[in-house]
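Visitor: Please take me through one part of this structure in close detail. I would like to look at the place where the ligand sits.

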Amino acid sequence: MKAHDGMYIGGEWRAAAGKGTIAVVDPTDEQVIAHVPAGTAEDVDAAVSAAREALPAWAATLPAGRAGRIAALRDVLVARKDEIAETVTAELGAPLPFSQTVHTGLPILVAGSYAELAASYAFEEKVGNSVVHFEPVGVVGAITPWNYPLHQIVAKVAPALAAGCTVVLKPAEDTPLTAQLFAEAVHEAGIPAGVFNLVTGLGPVAGQALAEHEGVDMVSFTGSTAVGRRIGATAGGAVKRVALELGGKSANVILPSADLAKAVAVGIANVMGNSGQTCSAWTRMLVHTSRYDEAVALAAQAAAKYGDRIGPLVNAKQHTRVRGYIEKGVAQGARLVAGGPEAPREQGYFVSPTVFADVTPEMTIAQEEIFGPVVSIIRYEDEDDALRIANGTVYGLAGAVWAGDEAEAVAFARRMDTGQVDINGGRYNPLAPFGGYKQSGVGRELGSHGLAEYLQTKSLQF
Ligand code: NAD
């Protein structure tokens, strides 16, 4: 795989300040495929300076001009879609068809949505005797995880640029090649020097330096709740804006009147896609006691069908961690009906699609985010019981409700403490706000709500 040996700062690839590197590993065969520089506080400082310098001109560029550059960026991503899909497959391990449709298709859709929103958004509003201007927050430090390498970047950078902000990105250690490709696309799209900058590096070094930098006006972070909590505290101490997209443990609530076969099939597919490495995955399936055994049989069948179609986990650490959770489920008395902790292949970080029955709400596998292809089926007695279980974790990112009648599903969804709910398998909407209740985060991404995160108001009175 092609890799740059420098950082993209101020519109050019510059040599890194230090000599350290990060090895990029293909999780399918555990081979090192590239090295990228491990950035230091010095690289972050150079990138933040470039972003600050570029800010006044980019903020003053008319929204139509910014929209034009974002549209050009979308076009470059489209032109280079095969290369993007191959890169994501190489460093994340996702099967190529999934990389093509989801890992490449989704960020192209989101970039396109922000090209349109930048052009149509009302950056000015009249309120009584005031005119309210929506102005960019300033320099944004964006810190992203590896699970959807390009989507996570585009979901931050596109709205930030649409708002008139400039950005320094620190992508995840496991997937820096996709981030380098994105930087190339930014360059090709003619986005002015310094508006977007990339520093690859380790989280506790480059990531922390970025979150703490006094030249950064806002930190937008997606990743684990543990790191998010720290970044939130740092941002709070410095009184800077922060957006946190954190973990999840979403419930797939199947009410007694639902089409059970469909609800189970879609529920299993929702978790197994991307090998369970999706923060919004419905990893807890809640089934009424009257249909429990039927649901378990259907889920076991659906998971077994996944077999070889599932990709590996991203790295050795996640491989060990996820298998540890499966062992813990067994130890706490849950019943394995598909998969298990044994690695299904000798090479690569593969985990079998796994389904647990007889899971009780307080078990570790029903409370903690596993981030692997593991579904827990939990029994409930009535709707209030289902609601108590659905809301009974520290998270609140997403969820699903299935019922024979849409109104019945909606009534239940309105009582859930969570940021997104799919009703009877509702379609994905890239314009709908995405983000968490409770410890799943602060702030929203995507659509106009995602754009508003990067704006601040100035009111002029007349
Ligand atoms: P992580 O928190 O370990 O890392 C995320 C990013 O933060 C990486 O770029 C990492 O280098 C950086 N980082 C690590 N330590 C840091 C520090 N001290 N200071 C600054 N930056 C630091 O998470 P991960 O393992 O890469 O990703 C998986 C997690 O992300 C899961 O918990 C998942 O739920 C969450 N996630 C949430 C969403 C969402 O939208 N809510 C989306 C995807 C993933």
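Guide: Start with a term: a residue is near a molecule if one of its heavy atoms lies within 4 Å of it. By that rule, 28 residues surround the ligand. The closest are Thr144, Lys170, Ser224, Leu246 and Glu369. This is a predicted model, where local features need pLDDT of at least 70, side-chain atom pairs count only at pLDDT 80 or more, and totals for chains, interfaces and linings use all residues. Residues are numbered from 1 along each chain as its sequence is written, and side-chain values use heavy atoms, with hydrogens and water left out.

What kinds of residue make up the shell around the ligand? They divide into 14 nonpolar, 10 polar and 4 charged. Here Ala, Val, Leu, Ile, Met, Phe, Trp, Tyr, Cys and Pro count as nonpolar, Asp, Glu, Lys and Arg as charged, and the others, Gly among them, as polar.

Now the polar contacts. Such a contact is a pair of N or O atoms within 3.5 Å; within protein, one must be able to donate a hydrogen and the other to accept it, and residues adjacent in sequence count only if both atoms are side-chain atoms. Glu369 places a polar side-chain atom 2.6 Å from an oxygen atom of the ligand. For Glu173, an N or O atom of the side chain is 2.8 Å from a ligand oxygen. Gly223 uses its backbone instead: an N or O atom there lies 3.3 Å from an oxygen atom of the ligand.

How much of the ligand is covered? On its own it has 840 Å² of accessible area, and the protein covers 89% of that. Accessible areas come from the Shrake-Rupley method with a 1.4 Å probe; for residues, only the protein chains shown count as cover.

Which elements give two or more residues to the shell? They are α7 (203-212), β10 (218-222) and α8 (225-238). Helices (H or I, at least four residues) and strands (E, at least two) are DSSP runs, numbered from the N terminus. α7 gives the most, with 4 residues.

Step back to the domains, whose bounds come from an automatic or database domain assignment. Domain 1 (6-246 + 440-461) and domain 2 (251-430) both give residues to the shell, so the ligand lies between them.

Last, the whole chain. Its secondary structure comes to 15 helices and 20 strands. The C-alpha trace spans about 65 × 60 × 40 Å along its principal axes. The radius of gyration, taken over C-alpha atoms, is 22 Å. The globule rule is 2.2 Å times the number of residues to the power 0.38. With 462 residues, a compact globule would come near 23 Å, so the chain agrees with the rule.
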